[in-house]
Amino acid sequence: METVRGTTSLVGLLGWPVSHSLSPNMHNAAFKQLGLDWAYVPFPVRPTDLPKALKGLMALNVKGVNVTVPHKQAVMRYMDEVSKAAQTIGAVNTIYLKEGKFVGYNTDSTGFLNSLIEAECHPKGLRVAVLGAGGAARAVVFALTWAEVDSVVVLNRTAERAAFLIDDLIDTFPGSTLHFAPLTESSVVALKDSFDLVINTTSVGMYPHVDDCLWPKNIPMPSTAAYCDLVYNPLETVFLARAKMAGAKTIDGLGMLIHQGAAALELWTGKTAPADVMRQACLAGLLNRPVRQ
Ligand SMILES: NC(=O)c1ccc[n+]([C@@H]2O[C@H](COP(=O)([O-])OP(=O)(O)OC[C@H]3O[C@@H](n4cnc5c(N)ncnc54)[C@H](OP(=O)(O)O)[C@@H]3O)[C@@H](O)[C@H]2O)c1
């Protein structure tokens, strides 16, 4: 709705900072399209203020919030219920304030999966390399394993972090083929022809460091694999540009952003999210951003 009134249902985003988020554009456009008297507001919350902010949401009858950096892990201890997926991933990115309770979900994993499917990349049976082992990688590896990929290798600068990720997931998916390796030039050379899908889950290549790319400069990218980047500013990172030059299929990070938002909106409102309208709102928001010249 364009006007906020006494009847408006409020949802929003908890993060620090939140000023650059595209989520308000995306959700408010969706509410307008659906004719819902709802509004989405960014809430900048310092880490030390998180418990107070959560109590405030409940007191103010806010219906739900998305959660972003740096609160995705920290909010978990304040939840009354946490979905099995969010528990396994170890992070909550969506809270539904339901009948006086905080219920935590992770829609990054379904959002990621839906973005692959939308790009006609069906993960079942694929051999996947995941670059990075942070919070986003955890949601991605959970989604891929749930979708029955053939195997996942997590390559990370800090190899121990990749080992922890796999240790945490293997209990939920016993028998899955999950490995880790340090992210070095020699490991990429050794493994490069063994993948059908390579996913950058790190922030490398994100504005303002738009010339950075984790794939070693002197190693060609096999065109038989598809390449996905979770970074969406810029939409075409150097990682994706090089993959495209090699003749490979590429998938940018906007699809995941839209589909994690769509899943959150559906939890809160019970309505089918208008993904196309949300995409247009994000693209319009990105046009106003500084990106690579
Ligand atoms: N498209 C979407 O909807 C969506 C959703 C979630 C996140 N994201 C994006 O995903 C990215 C990662 O987010 P996150 O929450 O996972 O962050 P995070 O938990 O802080 O993890 C960061 C990851 O990047 C690696 N890394 C950072 N700088 C590096 C460098 N210079 N060289 C090699 N590795 C480096 C880290 O390796 P170490 O462990 O060695 O430090 C770690 O694996 C961000 O760009 C975020 O915007 C996109």
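In the next few minutes I will go through the overall build of this chain and then the interface between its two domains.

What you have in front of you is a predicted model, so please take every value I quote as computed from that model. The chain contains 10 helices and 12 strands. Its radius of gyration is 19 Å, close to the 19 Å that the globule rule gives for 293 residues, and so the chain is as compact as a globular protein of that length. If we lay the C-alpha trace along its principal axes, it spans about 60 × 45 × 35 Å.

Let me turn to the domains. The assignment places residues 9-106 together with 257-287 in domain 1, while domain 2 is made of residues 110-252. The centres of the two domains, taken over C-alpha atoms, are separated by 26 Å.

How much area do domain 1 and domain 2 bury between them? The figure is about 1,200 Å², and 63% of that is on carbon and sulfur atoms. On the domain 1 side, T88, I89 and H259 deserve a look on the screen, since together they supply 48% of the area that domain 1 buries against domain 2, which is more than any other three residues give. In terms of contacts, 13 residues of domain 1 touch 14 residues of domain 2.

As for the polar side of this interface, the rule finds 3 residue pairs in polar contact across it, counting pairs with both residues at pLDDT 80 or more. On the side of domain 1 that touches domain 2, the elements giving two or more residues are α3 (84-89), α9 (254-269) and α10 (275-287). Sorted by class, that side of domain 1 has 7 nonpolar, 4 polar and 2 charged residues.

I would like to finish with the salt bridges. The structure as a whole holds 9 salt bridges, and the count between domain 1 and domain 2 is 1. Which parts of the chain does the pair of E118 and R279 tie together? E118 lies in helix α4, residues 108-118, and R279 lies in helix α10, so the pair links parts that are 161 residues apart in sequence. The side chains of E118 and R279 meet in a salt bridge at 2.9 Å, N to O.

Methods:
Residues are numbered from 1 along each chain as its sequence is written. This is a predicted model: local features need pLDDT of at least 70, side-chain atom pairs count only at pLDDT 80 or more; totals for chains, interfaces and linings use all residues. Side-chain values use heavy atoms; hydrogens and water are left out. Domain bounds come from an automatic or database domain assignment. Contact means heavy atoms within 4.5 Å. Buried area is the accessible area (1.4 Å probe) that two parts lose on being put together, summed over both. A salt bridge is a side-chain nitrogen of Lys or Arg within 4 Å of a carboxyl oxygen of Asp or Glu. A polar contact is a pair of N or O atoms within 3.5 Å; within protein, one must be able to donate a hydrogen and the other to accept it, and residues adjacent in sequence count only if both atoms are side-chain atoms. Helices (H or I, at least four residues) and strands (E, at least two) are DSSP runs, numbered from the N terminus. Ala, Val, Leu, Ile, Met, Phe, Trp, Tyr, Cys and Pro count as nonpolar, Asp, Glu, Lys and Arg as charged, and the others, Gly among them, as polar. The radius of gyration is taken over C-alpha atoms; the globule rule is 2.2 Å times the number of residues to the power 0.38.
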